Each structure stands twice: as structure tokens, then as C-alpha cells.
Amino acid sequence: MADKDPMRRTPEGGDAVDRVGGAILDALFTRSPVGLHVLDTGLRVVRVNSAARSMRGVSVEGLVGLHFAEAYAGLSAPDEVEEMLRGVLESGVPVREYLVRARMASEQGREGIGSVSVFRLQDPQGTVLGLTVTVVDVTEQEQARARKRVLNTVRERVGRTLDVIATCQELVETLVPGFADIAMVDIVDAVVHGEESPTGPLAQDVALRRAAYRARDGLKAQDHPVSDVRSLNLLTPYAQAMSDFRPRLVPVSPGIPWLDAARAGGVRAVGAHTLIVAPLVLRGTALGVLSLIRAGGSDPYNEDDVGLAADVASHTALCIDNARRFTREYTIAATVQRHQFPRCPASHSTVETAHLHVLGASGGGGWFDTIPLSGARTALVVGEVTGRGIQTATTMGQLRTVIRSLAALDLQPDELLARLNDTAAFLAAERAARHPSDPLHPQPLSANCVYAVYDPVTRTCTFARAGHTTPVIIRPDSSTEVPDSTPGPLLGSAEGPPFAATTTDVPHGSILALYTPAILPTPPVDSDGAPARLHDVLAQPGRPLEHLCNDILYTLRNKDRPGDAVLLLARTRPFAAHSLATWLLDHDTTAAATARGHTRRTLADWNVNEDTAYAAELIVSELVTNAIRYGTPPLQLRLIKNRTLTCEVHDDSATSPRLRHARTVDEGGGACSSSLNSPKAGAPATPPKARRSGANRPFPLRPPHTLSRRRVRPIDGDRSRPGMMRSRMDGWMQRSSTAATTSVSLLDAGERSRP
């Protein structure tokens with residue numbers, strides 16, 4: 001049987017092979033959809049596939065003999081392509097799937113993308129004849145990949161912050177210039193402030209704020225500045241998109257009727273030709289609108305681009321709503337926190353104070369306080385609750401209230417923090433016991449605090465820390481000191497070392513600085529472990545405290561550090577020596593009379609009126625009698641004339657008096673009493689120190705009130721309890737102590753006739 005395979009080479013079938021090869025070449029250059037180009041060694045065109053898409057409408061004969069850069073003038077980077085071709089010509093190493101961008105006349109100037117493969121042509125003797133270039137049109141595939149990259153980049157970069165404006169700015173920076181020549185985001189103004197946007201289509205009176213704008217280099221077409229607020233024009237594509245919640249592709253030209261004069265001028269200036277309007281919608285609520293413009297020589301948008309814009313807008317709307325919710329929570333938490341601060345900080349005669357409080361980016365639980373104590377002393381407090389939001393601000397308010405209540409008991413700083421820690425641990429246990437679905441359940445409660453008490457009489461400051469930074473002392477000679485102290489555990493800790501109190505001398509004119517770490521930049525720090533730059537700024541004790549606060553904020557504040565920046569400065573003032581009187585008393589029955597005599601003479605020298613002197617004598621007599629009967633020698637009487645008249649009696653007992661308010665059944669209905677009880681079981685033990693009982697009398701005085709002249713006696717039915725005593729006095733008693741103190745402040749209880 002005769003062999004009918006036309007490709008088998010036989011002596012008599014050589015012509016058949018040549019015919020087949022010729023047919024193949026003819027098909028490749030006339031009917032193949034793959035572009036085929038043959039170049040000689042000078043990179044001139046020898047033969048071209050006329051059937052390829054890119055060659056439609058092009059005269060093939062006019063290309064033959066031209067250098068490839070002249071023949072294909074639409075190449076985006078002809079120099080790079082020529083370098084690649086010459087590399088193949090010289091090395092013989094083929095190149096596969098090299099992407100080339102070009103704008104061909106056959107495609108109305110649209111940019112096309114071709115996948116180019118190149119190999120070298122040689123004859124049987126190895127002589128280089130030129131190059132064969134194949135081109136496959138991959139424009140649609142590459143555009144689809146580009147759109148996917150844009151969407152992935154938006155998902156990666158947009159929404160990294162919980163700020164509405166920052167989120168919009170991230171969006172336009174991501175889209176320009178890769179997907180748009182100009183990008184604008186307009187947001188419902190209420191959303192920017194954390195409020196809800198109206199549900200459903202937006203009305204004409206809804207205000208829109210230009211939140212972000214970006215244009216590629218060389219374009220200036222901003223019709224409205226960023227932050228500009230305007231109402232929605234219903235006769236525009238923007239209003240249509242916000243009404244039906246559908247993105248739309250809009251051809252743009254200066255003469256279209258919905259353009260106002262400002263927009264028409266911008267369109268004309270940049271040569272804008274297509275616009276995509278995509279509403280930012282989430283759960284049926286319009287949050288804003290995204291506008292994307294292509295101008296000049298950029299390819300017009302198509303329907304595939306509209307789909308991408310819709311996906312981008314959907315992701316952005318979710319990020320904006322998250323930022324809006326955070327803004328709302330932050331605003332509420334900041335308001336709650338601000339309202340819990342003292343509206344008018346207490347004025348102190350022995351210290352001058354100034355404070356600084358800057359909310360952190362996430363809204364924290366930082367607080368400060370100054371609390372007047374008996375004996376002209378002042379308590380200074382700075383603390384911070386970890387976390388953010390309303391619950392953190394609420395917890396801060398709870399701890400601040402507890403501190404004020406404990407400060408009224410005149411506890412030592414270490415004992416006060418120990419009791420405060422009991423409260424924090426209780427709140428932490430309550431939070432841990434919540435249902436697992438509760439947002440607070442996985443958030444452990446933790447807080448830090450420093451509590452310091454300045455005593456102008458002894459010129460000392462005693463402080464204790466609960467995981468807080470150590471206070472800094474700036475002395476009048478500009479030297480700084482960070483006292484050595486033991487940091488206690490964070491508040492809310494179930495276990496940890498006990499809190500320790502540290503006492504240090506503080507000369508008059510010194511500055512005490514209490515602060516949170518967020519007020520400071522990152523290291524370096526000095527050898528003492530305290531921030532060196534803080535020392536440098538504060539080493540100006542003569543400057544006004546408000547100016548020092550501002551200097552620290554502007555010089556040191558680190559915006560990237562979490563938490564609230566809180567700073568409390570207190571400058572100590574001298575206490576007038578003539579306003580203080582102290583006597584040692586014998587521990588016998590004559591001490592009360594002796595104390596009354598000292599009080600009478602001293603108050604006369606101080607020009608205190610008769611009624612106040614009479615009340616002070618009675619108070620001193622009762623306090624001394626109580627100390628003799630239930631206290632331990634030595635006894636000391638001290639009178640302090642400040643804004644109030646303070647009467648203090650010291651003894652060496654380790655027990656602490658506490659306030660007992662008068663009951664309706666008590667004698668006279670207005671008695672005040674104090675009891676000496678041992679510390680509560682389980683409470684931190686305090687070392688035996690001089691106990692101080694005292695009373696405060698405010699200036700100026702109102703008309704006198706009546707005090708009965710009954711003898712001090714134990715309360716009926718309470719004889720078994722040590723330290724129980726009562727006096728017939730109209731008023732109330734407030735305790736304050738270094739170890740144990742009772743401070744009585746007599747206030748006007750109404751007019752009565754003295755018997």
C-alpha cells in the first residue's frame with residue numbers, strides 16, 4: 001500500500017513536504033489569531049501576521065522594512081523592548097511571556113497588553129538570521145488581575161484606623177493613580193461626628209462633608225475643598241446613587257446639564273471623560289458617596305470597573321461605620337470621664353496646683369485629683385484604668401470616688417491603696433463573673449495609681465504606688481530627685497507584695513510632679529530610671545505651673561503612645577510660723593484645763609472671736625479628755641490657723657478613731673462621738689504612730705450657735721467598747737489621720753439661745 005503520510009520525507013516526496021511547510025507558514029501569517037512578527041538582525045520588520053487582532057486595519061506592506069520602534073509606534077516603553085530583543089539576538093536565550101503595553105490605532109487608542117515570546121532564527125550553518133516574535137493579547141486577563149489587586153490593596157490598607165476622616169483619606173490614596181485619576185469621598189456630616197445617618201434615601205437637606213480628595217500629579221480639579229459642607233443636589237448622579245443605592249457609570253463633558261459652573265470648569269481643565277459614582281451604603285443606610293474620575297489619556301471606565309467600584313465602596317462603608325461607632329463611644333466615654341473630674345479644683349493654701357489631661361487616641365481612663373486633708377495637708381492623686389470606652393471611664397469614676405472616701409478616713413497612703421485594691425479586686429471579680437457573651441468578660445480590670453500626701457508642717461511628702469511611675473521632685477535650686485520607692489502591684493491584682501509608703505523631705509518652693517507614662521516620649525532615660533527630658537523641662541521651678549504643663553505637652557508628648565496623658569504639678573508654699581502652736585501635755589486629769597488655757601490665750605493672740613474660741617475650747621477639752629482616758633502618753637496639743645481653725649490632739653495609741661454620726665435617739669439629737677477601734681481584721685497593719693484627734697472651725701463665722709456645757713461621759717450601753725465618748729455639740733465630725741486622727745468641723749446648725 002502506498003504511504004499517504006504527506007509529512008514523511010522520501011526522495012520522491014520532498015515536494016510534498018515543501019508544500020506542507022509552505023501551507024503552515026501561510027496559515028501562521030494569514031489566519032492565525034496569534035500575532036507573529038519576523039525581524040532581521042537590525043530589528044527591521046520582515047514579515048507580519050496580518051490576521052492578528054492588533055493588525056486589523058493596518059497596512060502590512062507599509063510596515064515591512066521599518067525598524068520595529070517605527071512600525072509599532074504605540075509601544076509604551078520602546079527602549080525597554082529593544083533592549084530585550086537585542087539580548088535575545090545576542091545570547092540566543094528565548095524570552096517567554098514578556099508583557100508589553102501599547103496603544104494601537106486599531107483599538108481607537110485604548111491601551112492593550114500583549115504577552116510576547118521571542119526566539120532567535122538561525123540557518124543550518126548557525127548563521128543568525130533574525131528574531132521571531134509571537135504576541136498574544138492578554139488585555140482582558142491583565143485588567144481583571146489589576147482590578148483584583150486594587151480590591152486586595154483596598155482591603156489591606158483601608159480601615160487600619162478607627163477614624164472616619166483617616167479611613168476616607170486611606171481610600172483615595174489607595175485608588176489614585178492606579179485605578180482613578182481623581183478620587184473624592186463625601187460623607188454625611190453626622191457620621192463624621194459619630195452619629196447615625198438617616199435611614200433610607202437621603203433628603204436634600206442632609207449635609208455632606210468633603211472628607212477626602214486626591215488627584216494624580218499634574219491634575220488640579222477640586223471643586224470643593226476638603227472639610228467643606230454642603231447639601232445634596234437632587235438633580236445629579238450623586239443624588240441618584242444615594243437614592244437607589246446603585247453605582248453608575250457617567251460620561252462626562254463640560255456641557256452636561258447637571259454640572260454647575262465650578263464642576264464644569266474643573267472638567268474642562270483636566271479633560272475628564274468618565275465618572276463612576278458609588279454610594280457608601282451599609283444595612284440600608286447611606287453613609288456617603290465615592291466619586292472616581294478618569295481624565296486625559298487614561299482609558300475610560302467600563303462596566304467591569306463599576307463592579308470593582310461597588311466592591312470597594314462596600315468595604316469602605318463597613319470601615320467607616322466601624323470608625324463611626326468608635327467615634328461615638330469615644331465621645332461618650334470622654335464626656336463621662338470629663339464630667340467626673342473636679343469642675344473647680346480645690347484651692348489649697350499650702351500648695352499651688354496645675355494639671356494637664358490629654359485624652360489618648362483610644363480614649364483611656366486616666367484621672368487626677370487634689371484632696372484637702374486636715375492639718376493643712378493635701379493629697380495628690382494620679383491614676384489610670386487600662387482599656388477604653390464607657391466602661392473604662394465608669395470604672396475610673398468608681399475608683400476616684402473610693403479614693404475620696406478613703407482619704408476622708410485619713411489613712412496612710414499604703415493602707416489607702418491596700419483598701420482601694422480590695423475594691424478594684426471586687427470589681428474585677430464582678431467583671432470576670434459576667435456571661436461569656438458579655439463584651440467585658442474577656443477584659444480583665446487593671447489600674448495603676450499613685451497617692452501622695454504633702455504635710456506643710458513637717459515639710460514632707462508621703463506616697464505609695466500601685467504599679468505607677470514614681471513622682472518627681474524639683475527642688476528650688478533646680479535639682480531633681482526621684483525618691484527610691486517600692487512599686488506595689490497593679491490595682492485589681494489578687495496577689496502581690498504589700499504596698500509600701502515612702503516619705504521624703506520637700507522644701508518649700510519645690511514642685512511635685514505626678515504623671516502617667518503617656519505624657520513622655522520613648523527613652524532615653526537617665527541613670528535613676530526617670531525620663532531625663534522630663535527633668536530638663538521641669539528644672540525651672542520659678543516658672544508658672546501652667547507654663548510648665550504646656551512646655552511638657554509641646555516638648556515631650558508622644559502621640560503614638562496609648563493611654564491618657566495626665567500630669568499633676570504641685571508647688572509647695574511656706575506655712576506661716578505664727579499660725580501654728582504646739583504644746584506637750586501631762587497625762588493626768590489637769591491636762592484638759594491646761595489645754596483650754598493654752599487654747600484661750602493663743603486664739604486671743606490670733607484675734608479669733610469669742611464664739612469660735614469658746615467652741616474650740618470645748619472641742620480641745622473633750623479631745624484631751626478622751627486621749628487621757630483611752631490613749632497612751634505622750635500627749636500633744638496643736639492649733640493651726642489656716643483657712644479653718646484646726647485643733648489636734650496627739651497621743652501614742654496604735655488604734656484609730658472613726659466617725660459615728662448621731663442617731664435620733666441620742667441625747668440632744670445633735671451629738672458627735674468618736675470611737676477607738678482596732679483596725680479591721682484583714683486590713684494592712686500600720687505601725688504604731690502618734691494618733692492625732694482634731695477639729696476644724698471654718699472662717700469667716702456666722703452668728704454663733706449654742707453648745708451645751710455637759711460633762712463628757714461614756715455612752716450608756718457602750719462601756720465595754722474602748723474609746724466611746726460623746727459631747728453635746730451641734731455639728732459633725734470628720735476624721736483625718738497619719739495613723740489615727742479625728743477632725744471635727746463645727747458648722748452652723750441654726751439659732752438657739754444659750755442657757
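## Exercises on a predicted chain

Among contacts (heavy atoms within 4.5 Å) in the chain with a separation of 6 or more, 65% join residues 24 or more positions apart. The model is predicted: local features need pLDDT of at least 70, side-chain atom pairs count only at pLDDT 80 or more, and totals for chains, interfaces and linings use all residues. Residues are numbered from 1 along each chain as its sequence is written, and side-chain values use heavy atoms, with hydrogens and water left out.

### Exercise 1. The whole chain

Task: State how many helices and strands the chain has, and what percentage of its residues is buried.

Solution.
- Step 1. Take the DSSP runs, numbered from the N terminus: helices are H or I with at least four residues, strands are E with at least two.
- Step 2. The chain comes to 15 helices and 30 strands.
- Step 3. Apply the burial cut-offs: buried is under 20% relative accessible area, exposed is over 50%, and partly exposed is in between (1.4 Å probe, protein chains only).
- Step 4. Of the 755 residues, 49% are buried.

### Exercise 2. An aromatic pair

Task: Find which residues form the aromatic pair, and say what the pair ties together.

Solution.
- Step 1. Use the rule: rings of Phe, Tyr and Trp (its six-membered ring) pair if their centres lie within 6.5 Å; planes under 30 degrees apart are stacked, over 60 edge-to-face, and the rest tilted.
- Step 2. The count is one aromatic pair.
- Step 3. F179 and Y301 form this pair, at 5.4 Å centre to centre. Their planes are 50° apart, so the pair is tilted.
- Step 4. F179 sits in the loop between α5 (164-175) and β6 (182-188), and Y301 in the loop between β11 (285-295) and α9 (303-339), so the pair ties together parts 122 residues apart in sequence.
- Step 5. Check burial. F179 is buried at 4% relative accessible area, and Y301 is buried at 5%.
- Step 6. Look over the ring of F179. R294 lies over its face, 5.4 Å from the ring centre. The rule asks for NZ of Lys or CZ of Arg within 6 Å of the ring centre and within 35 degrees of the ring normal.
- Step 7. The loop between α5 and β6 also holds P177. A cis peptide bond joins V176 and P177, with omega about 5°.

### Exercise 3. The nonpolar cores

Task: Describe the largest nonpolar core and say which element gives the most to it.

Solution.
- Step 1. A nonpolar core is a set of buried Ala, Val, Leu, Ile, Met, Phe, Trp, Tyr and Cys residues joined through side-chain atoms within 4.5 Å.
- Step 2. The largest such core has 63 residues. L175, V185, I187, L280, L290 and L292 have the most contacts inside it.
- Step 3. α9 gives the most to this core, with eight residues.
- Step 4. A second, separate core has 46 residues, including V382, V385, A452 and V566.

### Exercise 4. Two positive phi values

Task: Place R459 and S478, and decide whether each is buried, partly exposed or exposed.

Solution.
- Step 1. R459 is not a glycine, yet its phi is positive, near 55°. The residue lies in the loop between β15 (447-455) and β16 (460-466).
- Step 2. R459 has a relative accessible area of 44%, so this residue is partly exposed.
- Step 3. S478, also other than glycine, has a positive phi near 75°. Its place is the loop between β17 (472-474) and β18 (480-481).
- Step 4. At 32% relative accessibility, S478 is partly exposed.
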